[in-house]
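Reader: I'm new to this one, and I'd like to know where the labels come from. Could you take me through the reasoning?

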Amino acid sequence: MLGRHAHAPGEHPRPADPGAEGEEAPVPQPVFRLHPITGRRVLYCNPGYAIRIEGLERAESDAMLEYLFRHQAQEKYLYSHAWTPGDLLMWDNIGTCHNAVADYRADEPRYILRVQVMATLDYAALAA
């Protein structure tokens, strides 16, 4: 799969021409990866990043990406959090496609602290 760096939350642009002027050069990535801890296969492909599957004609690639995007958008895979004061939310960033939603007013105070915990396994080596 050819992909590009992620965009702002909620933004899912898919350029007609990967590498078009103003776009970063596409970066090859696998469509599926093995989770370094569970060993399960994870879909490593989302509409905010993936633009084409290498080795497929454009129409076939577009159709396959749309199929994968529809698959991961099934209700059974979705979770939407209704925030309340003091909430703590954690997820497995390797096997999760996530998207922030601006569901608050500009005048509402927010305090967000992001903490990342790394596995003891070498993810880069395992994912290659």
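Author: Here is a short chat about some labels and the values behind them. Keep in mind that this is a predicted model.

Reader: Let's start with Asp-87. Where is Asp-87?

Author: Look in the loop between α1 (58-72) and α2 (123-127).

Reader: And why is Asp-87 called partly exposed?

Author: Its relative accessible area is 29%. Buried needs a value under 20% and exposed one over 50%, so Asp-87, at 29%, lands in between and counts as partly exposed.

Reader: What makes the link between the side chains of Asp-87 and His-81 a polar contact?

Author: The distance is 2.7 Å. The cut-off for a pair of N or O atoms is 3.5 Å, with one able to donate a hydrogen and the other to accept it, so the 2.7 Å pair of Asp-87 and His-81 fits. The side chain of Asp-87 also makes a polar contact with the side chain of Thr-84, at 2.8 Å.

Reader: Which other side chain does His-81 have a polar contact with, besides Asp-87?

Author: That of Tyr-79, at 2.6 Å. His-81 sits in the loop between α1 and α2, and Tyr-79 lies in that loop too. Leaving out residues up to four places away in sequence, His-81 touches Asp-87 and Leu-89.

Reader: Is Tyr-79 buried or exposed?

Author: Exposed: its relative accessible area is 61%, and the label needs over 50%. Tyr-79 is also part of a nonpolar surface patch with Trp-83, Leu-89 and Trp-91. Together, these four have about 500 Å² of accessible area.

Reader: On to the cysteines. How many disulfides does a search of the whole structure find?

Author: It finds 0. A disulfide is a covalent bond between the sulfur atoms of two cysteines.

Reader: How do you know that Cys-45 is not bonded to Cys-97?

Author: Cys-97 holds the closest cysteine sulfur to that of Cys-45, and it is 9.0 Å away. A disulfide needs the two sulfur atoms within 2.5 Å, so 9.0 Å is too far for a bond. Starting from Cys-97 leads to the matching result, with the closest cysteine sulfur in Cys-45 at 9.0 Å.

Reader: Why is Cys-45 called buried, and Cys-97 partly exposed?

Author: Cys-45 has 3% relative accessibility, and buried means under 20%, so Cys-45 gets that label. Cys-97 has 49%. Exposed takes over 50%, so Cys-97 stays in the partly exposed class.

Terms used: Residues are numbered from 1 along each chain as its sequence is written. This is a predicted model: local features need pLDDT of at least 70, side-chain atom pairs count only at pLDDT 80 or more; totals for chains, interfaces and linings use all residues. Side-chain values use heavy atoms; hydrogens and water are left out. Helices (H or I, at least four residues) and strands (E, at least two) are DSSP runs, numbered from the N terminus. Buried means under 20% relative accessible area, exposed over 50%, partly exposed in between (1.4 Å probe, protein chains only). Patches are made of residues with over 30% relative accessible area and no salt bridge: like charges are joined within 9 Å, nonpolar side chains (Val, Leu, Ile, Met, Phe, Trp, Tyr) within 5 Å. Accessible areas come from the Shrake-Rupley method with a 1.4 Å probe; for residues, only the protein chains shown count as cover. A salt bridge is a side-chain nitrogen of Lys or Arg within 4 Å of a carboxyl oxygen of Asp or Glu. Contact means heavy atoms within 4.5 Å.
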